[in-house]
Amino acid sequence: MIVGTRGSKLATTQTQTVVDSLEEIIGEKIETKIIKTTGDKIKDSQLYNIDAKGIFTKELDTALIEGDIDFAVHSFKDLPSELNDQLTITAIPKREAVNEVLISNYSWDELPDGATLGTSSVRREAFCKLHEKNIVTKPIRGNIDTRIRKVEDGEYDATIMALAGINRLGLQEHVKEIFDETYIVPPAGQGALAVMTHKDSEYFDVVSKLNDDNTRIEALCEKAILETLQVGCQWPVGIVSKVKGNDINIHCELLSPDGKILADINETAKKDNAIVAAKSIGERLREEAL
């Protein structure tokens, strides 16, 4: 079997965890193929200014369709709302932490007026404005190590990142503060991985054994809200869900770019009705805010 992945340290580390689990199941070595995506090639633009769907997935999709690889591993939150109709999300392994974290020499409350916060996320920028932080946001690109170094070198006073990536790379010592998921609501699918195959893949059954049932329900529920809302990465929206027993709690906050709450929905549904509930929430978000 051949797996395709982006070449960043985080991407290869995430992929290796999937490979290790799958090799235990099949008892064979899996070859890793590095594929450079459009998003990897663009270094000087905020992501929401780049007009491209699947900016971190398209080239991997092509490799799957053409049979150059047997499966691909993505950060779930990088998936476009609409998937190629020849491909499917075959497995979603157990989720990492969903929280956002502050990387800085300052605590969140100690950030001085006019502090520079590096972010290329309209969601993170909007949540900073929601919480009335008098800071200056500046675009920041690069892998996790690069962004941490830019803060430590004083190019930025702070940045906000996903705890999942920090944990996967063992960089917890750089975390100044962990935000509660209700304070800065994470993007749909944060902390989850998506293992993609062709719909007709001979490896579908074996790859599907990597699924964590609760994580799969949570991630697909969050994706269904985004699909129904149809706002893409140009709108600041946080979506997080959590399965508890037979129920799933779903929390969504849709903000304006200047940090005003347009819609805030927090409700619980039955786990086996999660996707229907998610689509209903997405429709309500559109009606209330757009």
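**Exercise 1. Work out which way the side chains of strand 5 point, and whether they are buried or exposed.**

Step 1: split the strand by direction. Glu100, Leu102 and Ser104 point one way from strand 5, while Val101 and Ile103 point the other way.

Step 2: check the cover. All of these residues are buried, where buried means under 20% relative accessible area, exposed means over 50%, and partly exposed is in between (1.4 Å probe, protein chains only). That fits the count for strand 5, with 5 of its 5 residues buried. Strands here are DSSP runs of E with at least two residues, helices are runs of H or I with at least four, and both are numbered from the N terminus.

A word on the model before going on: it is predicted, so local features need pLDDT of at least 70 and side-chain atom pairs count only at pLDDT 80 or more, while totals for chains, interfaces and linings use all residues. Residues are numbered from 1 along each chain as its sequence is written, and side-chain values use heavy atoms, with hydrogens and water left out.

**Exercise 2. Place strand 5 in its sheet and find its partners.**

Step 1: get the strand order. The open sheet has 5 strands in the order 7-6-8-5-9, with mixed pairing; two strands pair if DSSP finds at least two bridges between them. Strand 7 (135–138) and strand 9 are the edges, and each pairs on one side only.

Step 2: look at strand 8. Strand 5 (residues 100–104) and strand 8 (residues 158–162) run antiparallel and are joined by 5 bridges. Among the pairs, Ile103 stands opposite Thr159, and Ser104 stands opposite Ala158.

Step 3: look at strand 9. Here 2 bridges do the joining, again antiparallel, and Val101 stands opposite Ile178.

**Exercise 3. Describe the cover and the pairing of strand 4.**

Step 1: cover. Strand 4 (residues 87–91) is mostly covered, with 5 of its 5 residues buried.

Step 2: pairing. Strand 4 runs antiparallel to strand 10 (residues 193–198), and 4 bridges join them. One to pick out on screen: Leu87 has His198 as its bridge partner in strand 10.

**Exercise 4. Find salt bridges within a helix, and say how covered each residue is.**

Step 1: know what to look for. A salt bridge is a side-chain nitrogen of Lys or Arg within 4 Å of a carboxyl oxygen of Asp or Glu. The whole structure has 13 of them.

Step 2: take helix 4 (residues 122–130). Lys129 and Glu125 both lie there, 4 residues apart, or about one turn of the helix. Their side chains meet at 3.5 Å, N to O. Lys129 is partly exposed at 39%, whereas Glu125 is buried at 15%.

Step 3: take helix 8 (residues 213–229). Lys223 and Glu227 have the 4-residue spacing of about one turn, and their N to O distance is 2.4 Å. In this pair Lys223 is buried at 8% relative accessibility, and Glu227 is partly exposed at 33%.

**Exercise 5. Find what Arg284 pairs with, then look for a salt-bridge network.**

Step 1: the partner of Arg284 is Glu267, with the closest N and O atoms 2.7 Å apart. Arg284 sits in helix 9 (residues 274–289) and Glu267 in strand 13 (residues 261–270), so this salt bridge ties together parts 17 residues apart in sequence.

Step 2: check exposure. Both ends are partly exposed: Arg284 has 29% relative accessibility and Glu267 has 25%.

Step 3: the network. Arg95, Glu218 and Glu222 are linked by salt bridges.

**Exercise 6. Inspect three loops: where do Glu132, Val231 and Glu173 lie?**

Step 1: Glu132 is in the loop between helix 4 and strand 7. Although Glu132 is not a glycine, its phi is positive, at about 60°. Its relative accessibility of 71% makes Glu132 exposed.

Step 2: Val231 lies in the loop between helix 8 and strand 11 (237–244). At 8% relative accessibility Val231 is buried. Its C-alpha atom is 9.4 Å from that of Ser81, 150 residues away along the chain.

Step 3: Glu173 is in the loop between helix 6 (163–169) and strand 9 (177–178). At 59%, Glu173 counts as exposed.
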